[in-house]
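User: I'd like to learn how to read the overall features of a model like this one. Can you walk me through it?

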Amino acid sequence: MEPKNNVPYFVLLGLTQNPKEQKVLFVMFLLFYILTMVGNLLIVVTVTVSETLGSPMYFFLAGLSFIDIIYSSSISHRLISDLFFGNNSISFQSCMAQLFIEHIFGGSEVFLLLVMAYDCYVAIYKPLHYTTIMSHRLCILMLGVAWAGGFLHAAIQILFIFW
(Lines give C-alpha, C1' and ligand atoms only; values in the text may rest on other atoms or scores of the structure.)
Protein backbone atom coordinates (compact mmCIF):
# COMPACT_ATOMS: atom_id res chain seq x y z
CA MET A 1 0.00 0.00 0.00
CA GLU A 2 1.50 3.24 -1.10
CA PRO A 3 0.17 6.64 -0.07
CA LYS A 4 -1.99 8.35 -2.66
CA ASN A 5 -2.93 11.93 -3.07
CA ASN A 6 -6.68 12.25 -3.44
CA VAL A 7 -6.52 15.86 -4.64
CA PRO A 8 -6.03 15.96 -8.44
CA TYR A 9 -6.63 19.72 -8.68
CA PHE A 10 -7.53 22.78 -6.65
CA VAL A 11 -10.48 25.05 -7.35
CA LEU A 12 -9.52 28.69 -6.92
CA LEU A 13 -12.36 30.93 -5.88
CA GLY A 14 -10.56 34.06 -7.03
CA LEU A 15 -11.32 37.64 -6.23
CA THR A 16 -14.81 37.74 -7.72
CA GLN A 17 -17.24 35.50 -9.58
CA ASN A 18 -18.76 38.33 -11.62
CA PRO A 19 -17.48 38.13 -15.26
CA LYS A 20 -17.58 41.92 -15.73
CA GLU A 21 -15.52 42.49 -12.60
CA GLN A 22 -13.10 39.79 -13.74
CA LYS A 23 -12.49 41.68 -17.00
CA VAL A 24 -11.83 44.89 -15.08
CA LEU A 25 -9.41 43.06 -12.79
CA PHE A 26 -7.79 41.45 -15.83
CA VAL A 27 -7.08 44.86 -17.38
CA MET A 28 -5.86 46.28 -14.08
CA PHE A 29 -3.49 43.38 -13.29
CA LEU A 30 -2.25 43.25 -16.90
CA LEU A 31 -1.45 46.97 -16.76
CA PHE A 32 0.43 46.56 -13.46
CA TYR A 33 2.29 43.55 -14.87
CA ILE A 34 3.35 45.44 -18.00
CA LEU A 35 4.47 48.45 -15.94
CA THR A 36 6.46 46.16 -13.64
CA MET A 37 8.14 44.45 -16.59
CA VAL A 38 8.98 47.71 -18.37
CA GLY A 39 10.35 49.33 -15.21
CA ASN A 40 12.52 46.37 -14.27
CA LEU A 41 13.75 45.88 -17.83
CA LEU A 42 14.71 49.56 -18.00
CA ILE A 43 16.73 49.19 -14.79
CA VAL A 44 18.53 46.07 -16.06
CA VAL A 45 19.27 47.60 -19.48
CA THR A 46 20.38 50.94 -18.02
CA VAL A 47 22.79 49.36 -15.54
CA THR A 48 24.12 46.94 -18.15
CA VAL A 49 24.66 49.55 -20.88
CA SER A 50 25.89 52.48 -18.79
CA GLU A 51 29.60 52.56 -18.03
CA THR A 52 29.18 55.03 -15.18
CA LEU A 53 26.91 52.70 -13.20
CA GLY A 54 29.59 50.11 -12.55
CA SER A 55 29.54 50.13 -8.74
CA PRO A 56 28.40 47.04 -6.83
CA MET A 57 25.25 48.83 -5.68
CA TYR A 58 23.99 49.10 -9.27
CA PHE A 59 25.13 45.56 -10.07
CA PHE A 60 23.00 44.25 -7.20
CA LEU A 61 20.12 46.54 -8.17
CA ALA A 62 20.15 45.08 -11.69
CA GLY A 63 20.22 41.59 -10.19
CA LEU A 64 17.26 42.44 -7.97
CA SER A 65 15.32 43.78 -10.95
CA PHE A 66 16.12 40.64 -12.95
CA ILE A 67 14.90 38.41 -10.12
CA ASP A 68 11.76 40.56 -9.85
CA ILE A 69 11.09 40.09 -13.58
CA ILE A 70 11.17 36.32 -13.22
CA TYR A 71 9.29 36.36 -9.91
CA SER A 72 6.51 38.55 -11.28
CA SER A 73 6.25 36.46 -14.44
CA SER A 74 5.99 33.21 -12.50
CA ILE A 75 3.16 34.45 -10.30
CA SER A 76 1.16 36.94 -12.35
CA HIS A 77 0.73 34.97 -15.56
CA ARG A 78 -1.56 32.46 -13.87
CA LEU A 79 -3.72 35.15 -12.28
CA ILE A 80 -3.99 37.16 -15.50
CA SER A 81 -4.85 34.15 -17.66
CA ASP A 82 -7.39 32.86 -15.13
CA LEU A 83 -9.10 36.26 -15.04
CA PHE A 84 -9.23 36.39 -18.84
CA PHE A 85 -10.33 32.83 -19.58
CA GLY A 86 -12.38 32.24 -16.45
CA ASN A 87 -10.47 29.06 -15.62
CA ASN A 88 -10.45 28.62 -11.88
CA SER A 89 -8.72 25.29 -11.32
CA ILE A 90 -5.08 24.29 -11.08
CA SER A 91 -3.59 20.82 -10.96
CA PHE A 92 -1.67 19.70 -7.90
CA GLN A 93 1.58 19.45 -9.90
CA SER A 94 1.16 22.94 -11.36
CA CYS A 95 0.41 24.36 -7.93
CA MET A 96 3.52 22.75 -6.44
CA ALA A 97 5.68 23.93 -9.36
CA GLN A 98 4.39 27.47 -8.99
CA LEU A 99 4.96 27.32 -5.24
CA PHE A 100 8.53 26.07 -5.77
CA ILE A 101 9.30 28.83 -8.28
CA GLU A 102 7.76 31.43 -5.96
CA HIS A 103 9.96 30.27 -3.09
CA ILE A 104 13.10 30.20 -5.25
CA PHE A 105 12.80 33.78 -6.43
CA GLY A 106 11.22 35.15 -3.26
CA GLY A 107 14.04 33.63 -1.22
CA SER A 108 16.62 34.88 -3.70
CA GLU A 109 15.23 38.41 -3.37
CA VAL A 110 15.53 38.23 0.42
CA PHE A 111 19.12 36.96 0.24
CA LEU A 112 19.99 39.60 -2.35
CA LEU A 113 18.58 42.32 -0.10
CA LEU A 114 20.85 40.97 2.63
CA VAL A 115 23.81 41.22 0.25
CA MET A 116 22.81 44.78 -0.63
CA ALA A 117 22.67 45.64 3.08
CA TYR A 118 26.22 44.30 3.47
CA ASP A 119 27.29 46.42 0.50
CA CYS A 120 25.85 49.52 2.19
CA TYR A 121 27.57 48.59 5.45
CA VAL A 122 30.95 48.36 3.72
CA ALA A 123 30.34 51.63 1.85
CA ILE A 124 29.48 53.51 5.04
CA TYR A 125 31.83 52.01 7.60
CA LYS A 126 34.86 51.23 5.42
CA PRO A 127 34.75 53.79 2.60
CA LEU A 128 38.49 53.79 1.95
CA HIS A 129 38.60 50.00 1.59
CA TYR A 130 35.32 49.72 -0.30
CA THR A 131 36.80 49.05 -3.75
CA THR A 132 39.17 46.39 -2.46
CA ILE A 133 36.55 44.64 -0.31
CA MET A 134 33.70 44.73 -2.85
CA SER A 135 35.59 43.44 -5.87
CA HIS A 136 33.73 42.36 -9.00
CA ARG A 137 34.56 38.73 -8.27
CA LEU A 138 33.08 38.97 -4.75
CA CYS A 139 29.94 40.65 -6.11
CA ILE A 140 29.37 37.82 -8.58
CA LEU A 141 30.02 35.28 -5.83
CA MET A 142 27.56 37.00 -3.51
CA LEU A 143 24.93 37.10 -6.27
CA GLY A 144 25.44 33.37 -6.83
CA VAL A 145 25.12 32.73 -3.10
CA ALA A 146 21.84 34.67 -3.08
CA TRP A 147 20.50 32.50 -5.92
CA ALA A 148 21.73 29.33 -4.19
CA GLY A 149 20.15 30.47 -0.93
CA GLY A 150 16.82 30.97 -2.68
CA PHE A 151 17.04 27.51 -4.24
CA LEU A 152 17.94 25.93 -0.90
CA HIS A 153 15.05 27.74 0.78
CA ALA A 154 12.63 26.48 -1.88
CA ALA A 155 13.95 22.93 -1.67
CA ILE A 156 13.49 22.89 2.10
CA GLN A 157 9.95 24.25 1.82
CA ILE A 158 8.94 21.66 -0.79
CA LEU A 159 10.63 18.91 1.23
CA PHE A 160 8.47 19.80 4.22
CA ILE A 161 5.33 19.73 2.07
CA PHE A 162 6.00 16.24 0.71
CA TRP A 163 7.48 14.79 3.88
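**Surface, fold and one residue**

Analyst: Let's start with the surface. The protein chain exposes about 11000 Å², and carbon and sulfur atoms supply 72% of that area. Keep in mind that this is a predicted model.

User: What share of the 163 residues counts as buried?

Analyst: Burial goes by relative accessible area, with under 20% as the cut-off. Here 29% of the 163 residues of the protein chain fall in that class.

User: Which pattern does the protein chain follow along the sequence?

Analyst: Read it as an ordered list of helices and strands. The protein chain has 5 helices and 2 strands, and they run β-α-α-β-α-α-α. The radius of gyration is 20 Å, well over the 15 Å from the globule rule for 163 residues, so the chain is more spread out than a compact globule. Along its principal axes, the C-alpha trace spans about 60 × 45 × 25 Å.

User: How much of the contacts with a separation of 6 or more comes from residues 24 or more positions apart?

Analyst: Those pairs account for 79% of such contacts in the protein chain.

User: And charges: how many positive and negative side chains are there?

Analyst: Count each set, then compare their centres. The protein chain has 6 positive and 8 negative side chains, with the two centres 5 Å apart.

User: Now a single residue: is Leu 114 buried or exposed?

Analyst: Exposed means over 50% relative accessible area. Leu 114 has 57%, so it counts as exposed. Leu 114 sits in helix 3, which covers residues 92-125. From Leu 114 to Phe 32 there are 82 residues in sequence and 27 Å in space, C-alpha to C-alpha.

Conventions
Residues numbered from 1 in each chain as written. Predicted model: local features only at pLDDT ≥ 70, side-chain atom pairs only at ≥ 80, totals over all residues. Heavy atoms only, no water. Helix = DSSP H or I, 4+ residues; strand = E, 2+ residues; numbered from the N terminus. Rg over C-alpha atoms; globule rule 2.2 N^0.38 Å. Buried < 20%, exposed > 50% of the residue type's maximum accessible area, 1.4 Å probe, protein only. Contact = heavy atoms within 4.5 Å. Areas by Shrake-Rupley, 256 points an atom, 1.4 Å probe, with all protein chains shown as cover. Lys, Arg positive; Asp, Glu negative; His and termini not counted. Charge placed at Lys NZ, Arg CZ, Asp CG, Glu CD.
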